[in-house]
Amino acid sequence: MSVAERTQGPALSESGLEAHSPLARLQTWLEASATSAFILHAVLVVLFLAIFPLIVSLYVSLSRLQFVPGGFQLTFVGLDNYAKLVVGIDREHFMGRFGEPHPIGWLFFGLVVLSQILLMYRYIRGGNAAVGGAIGRIVTASAITAGAWLIVHTLGPASRPGTVVVTLIYVFAGIVIQYTLGLGLAYLCIQQIPARRFFRVVFLIPMMITPVGIAYLFRMLADTTKGPVYPIWNILGLANTSWVSNPWGARAAVMIGDVWQWTPFMFIVLLAALESQSIEPIEAAVVDGASRWQIFWEITIPTILPVSSTLILIRMIEAFKIVDLPNVLTNGGPGTATESLTLHAYTIWRTLDIGGSAAVAYMLLFMVTFIGVSYANLIRQRLAEA
Amino acid sequence: MKRSRYRSIFTPSPLGMAVTYVVLGVWAFVVLFPLYWLFVTSFKLPIDVNSGPFYIPFVDFKPSLHAWTYILVGDLRNDTFRTYRNTVVVSLASTTLALTFGSAAAYGLTRFKYQPKLGAILMFIGCVVLSIIAVVLGVPWQITVVAAIALFIILLQTIGKRFKRALGNNDIAFWLISQRMLPPVAVVIPIYILFQRLGMLDTWQALIIAYLAANLPIVVWLMRDYFQTIPIELEECAAIDGASYYRSFWSIILPLSLPGLVATFLFVLVFSWNEYLLALFLTNAKAQTLPLTVAAQNATRGPEWWYLSVLILIMIVPVIGMAIALERYIARGLLIGAIKG
Amino acid sequence: MKRHVALTLGLMAVLSLIVTACGGAATTAAPAALPYQGVTVNVLTFTGPQIAEPLQRHGPEFEKATGAHINVATVPFSDLYQKALTDFSTGTNSYDVIVFDPQWMGDYVAGGYLEDLTDRVKANKDLQWDDVGAFFRDFSATYQGKTYTIPLDGDFQMVYYRSDLIKTPPETWDDFIALAKEYQGKDLNGDSKPDYGTCIAMKRSAQSYWMVSSIASAFLQSQGTGQGGFFTTDNLQPLYGPNEGFGAALDVYKTLSTLGPPDQLNLDVGDTRGLFTSGRCALSIDWGDIGPLAVDPATSKVQDKVGAVILPGSKKVLDRASGKLVDCDAKTCPYATNGVNHAPFAAFGGWSGAINKNSKANVKDAAFAFLAYVSAPAQSNVDVTIGKTGFNPYRLSQFKSRDAWLKSGMSEKATADYLGAIEASLNSPNMVLDLRIPQNAYYQGTVLDTAIAQFLAGEIDKDATMKQISDGWNKKTDELGRDKQLAAYKATLGVTK
């Protein structure tokens, strides 16, 4: 365990307890064994199954696979697979087709740029500016600006979003809806009402169905010619239209399935968090005559913020990998309208263009890591401090 | 006594109660209708599925047991039971292990300060890269692994001590979670080769290890947050009474974070229960799991809705049973207050 | 500990092998000895009754006769290709036999994973090789002049129509469109809901790229199978590129996309078969499966109302030199009937069995004997008439004797129609081979499929589609080596001249 080498005494990072001597003595005694022992297995297992595949697939993304007598051969091709996505023949597929943005798009873009400039200004005026921090912030700001540019230029009237933007739409729309729904339902479920246990169990069910199964289930439900919604569809006079033939309709169908499947995850974790909150502050607030809303906003929300921030991070990482729903529901169609990045990688991988597929996956990894790090540094810290 | 205090705060007014019921009822319908549709579809003949929506058995259409017999006693019987058993074993084993290792690690990360040296990590990665190159060039992997370990230890003992920069707990945690960022398609072939070289393809162990590694980060992250909400004073008291870390972890921390443990357990169990891509590659026949059977119902003739419905239903029944059994523990609530008060 | 178990197991395995070997040698004198006693053959195919069921059914029969145990492993259909290729290319070799799509052979043979069966096929009497349709014998089973697979199934696309509505089946794609227009929006099955002119599987990453080839082939290939329907044979220029022939096919496909169910762009063959057999479509393009499905009362409302016919053709074909469409005459369309050039498309190629080159010699023998047993007329002539199996006719004797078909519930007329359409396609000298060059899955499944999906959804126009396909194909060809790819393409075509 030399990698996660342990040093120093009882530095309890969260609550700073350096001075307590009995604990410190005990710690000295156990130091050598206990602290490492707690984390050792986890690190080793993850190391065993993470580092090697990660490095290998990085190499694969820089090469091309061919079958030769007796096995296969990887030819090193440099950044060719990446170039294909960014400037080559797969560009429209990956990044989308650019067009003049809608006025609302320009407005959005302007707001993003303005907010970045404002944040920068505040940071420099704040007096704690350092070279390293400033570089990090400039990189973050320019990446966010570039992302906003891509979004407004591919969502305009004459343009088309590529798999990158489609994935971002799934992730952000999905998380907002799922978190709101999950929190609302969890809050209602801690109320002392009859039959709440029934609801709690029912609400968990969608999470337990295998994602492939959910995808097929929603394909049955979304079918407007022989599925259960046919009568409603018919009454609305839509018998000759199908939502899966319209890009936004199809994306909505995918997102509905995603919300159905993942709201329970938000629900169960938030429920556990709400159940674990201490009762004293609430009682005190009640005595002081606070209203329900006040208690919810000023006591409950701050208590569950740390869990929420983790929850959103985990969900975000998983959401970026959305594949089963678009794959089964529409196979990424109509055209490429519902294709997520992972599905993009998976489609290429299925035809054994493993290098190209690994390149898409690595682009996704860069994106998620970047967004994840920014989130952890900027938002999560602030949430945890709040 | 505890309960009553709780009840007095969280009992809504009659109007609030009505609104609550309406909202919960609507969402319950949203959740249950698709399941009802699955249930009805499992009794339909192909022709009933294809010729339009039919809602109620015996009224709209004549139910048939053909799909149930096909899955449970007919052609697919052996596949169904074999994959079912594998799924149960693999998911329970990997979930238990992930919870044990993961909550221990989460405890470590919230209570101690780790400072892995950046240089040591870089050297480690360097050794891994070197050994991969060596294996690619044709050196047998056993020799390579030994040589790489030896090299790493030597490097660590000689120049490793000079590095000053170290990482902190948050970096370790972020590194763990970052392992889930790469989509599985990108890593499935290397993992396949890894297990092939170890001779472990088509075994329970391979799947258990793979799921364990995939689930650990989630367990660590979720449990870390639950542990952080537990006041440190409890452990201090225990330490004064002479309890070791292991003891206070086992008899104070774990019981207190039971709701979190149960929630995490359910989530992780569900993940291993339902995983598809790794299961496809790491198994050949003996160790195949249920999701493969589900996905396989879409073959050259298009999705066989009736079989899919049966399989999904028999697949969620045990997990729902588990959810019902464990729901109580999530609902325990406010334990911290109870102990302190 | 584990190591010990593994060692012990290994030792036991070796011992038991020696024992069986000695036992085999010792008992050769005894007449009751079965030839493959103690041999286990691991077969891989996809889950579902279509292929796995007949194999599992014949396994015990075969074991009784020869002593070889047949072990059928299955994986989901969509992942069979990568799964088997990963297993073989990494040297894992868990499977002795794969029952797969011979269209994938390009990659499997290039890697040298498959056993050359040429001599065994010649030597085996049960198989009755000459009874297998010439197309399957010479194309499906053969790659670059060597036989690698044993066909168990025959696959090509045909047009199915409602014979109670349509009296003159379509001869050209224009006829097809006219008929589809006529019936679109009319009630076809008496439930007073509007039904559809045509149901074609246009879903992305499903069967859409075969459907477009079924249409395009009539415009692109007219000089017989050896001409090839995908590339020019001089420098491998894509025919699926900017030219009038492919353009005309794209127009047809786009028009048909508006003459079907509203969600036609999201239908795969499973959906279209369901719609067709429940009487909701007047026309459909499909493989042979609809025939047996249409007579099964559990799946069909159109029993005896289904006709089948060879894929429609075109009166104009592509002149490859100029890229223009020219009228059919004796020179441009030597195989035309009534001035219409038909080019039936052997999409997919039919499920076939192949043997792993790295299996042990006696396992290979047993594996071959098993495949020959399943393919032999006594077994396969019954299997092809069972709707549940995915086996479609591929032997001459399956066309000649119609008893088995009548016994399965098909009417006299339906049998004649169904088998007639298959026979007409099969006998066509202008049959189009499906693409079989290394990494053809990328050419068709990624490049062609994505472009067609985008074209149908209106994301790109006709010219952009043609350009996108030919650019994508050329890029891949250059990556893999144009000469190598050209040689492989010509080799697949050469054998049937």
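User: Why is Asp383(C) called buried?

Analyst: This is a predicted model, where local features need pLDDT of at least 70, side-chain atom pairs count only at pLDDT 80 or more, and totals for chains, interfaces and linings use all residues. Residues count from 1 along each chain as its sequence is written, chains are lettered from A and ligands numbered from 1 in the order written, and side-chain values use heavy atoms, with hydrogens and water left out. Buried means under 20% relative accessible area, exposed over 50%, partly exposed in between (1.4 Å probe, protein chains only). Asp383(C) has 1%, so it's buried.

User: What makes Asp383(C) and Arg57(C) a salt bridge?

Analyst: The term asks for a side-chain nitrogen of Lys or Arg within 4 Å of a carboxyl oxygen of Asp or Glu. Here the closest N and O atoms are 3.1 Å apart, and the pair qualifies. The partners sit 326 residues apart, in helix 13 and helix 2 of chain C; helices (H or I, at least four residues) and strands (E, at least two) are DSSP runs, numbered from the N terminus.

User: Why is Arg57(C) called partly exposed?

Analyst: Its relative accessibility is 30%, so it lands between the two cut-offs.

User: How do you know that Glu479(C) and Lys475(C) are about one helical turn apart?

Analyst: They're 4 residues apart in helix 18 of chain C, so that's the spacing. Their side chains also meet in a salt bridge at 3.6 Å, N to O. Glu479(C), at 14%, counts as buried, while Lys475(C), at 27%, is partly exposed.
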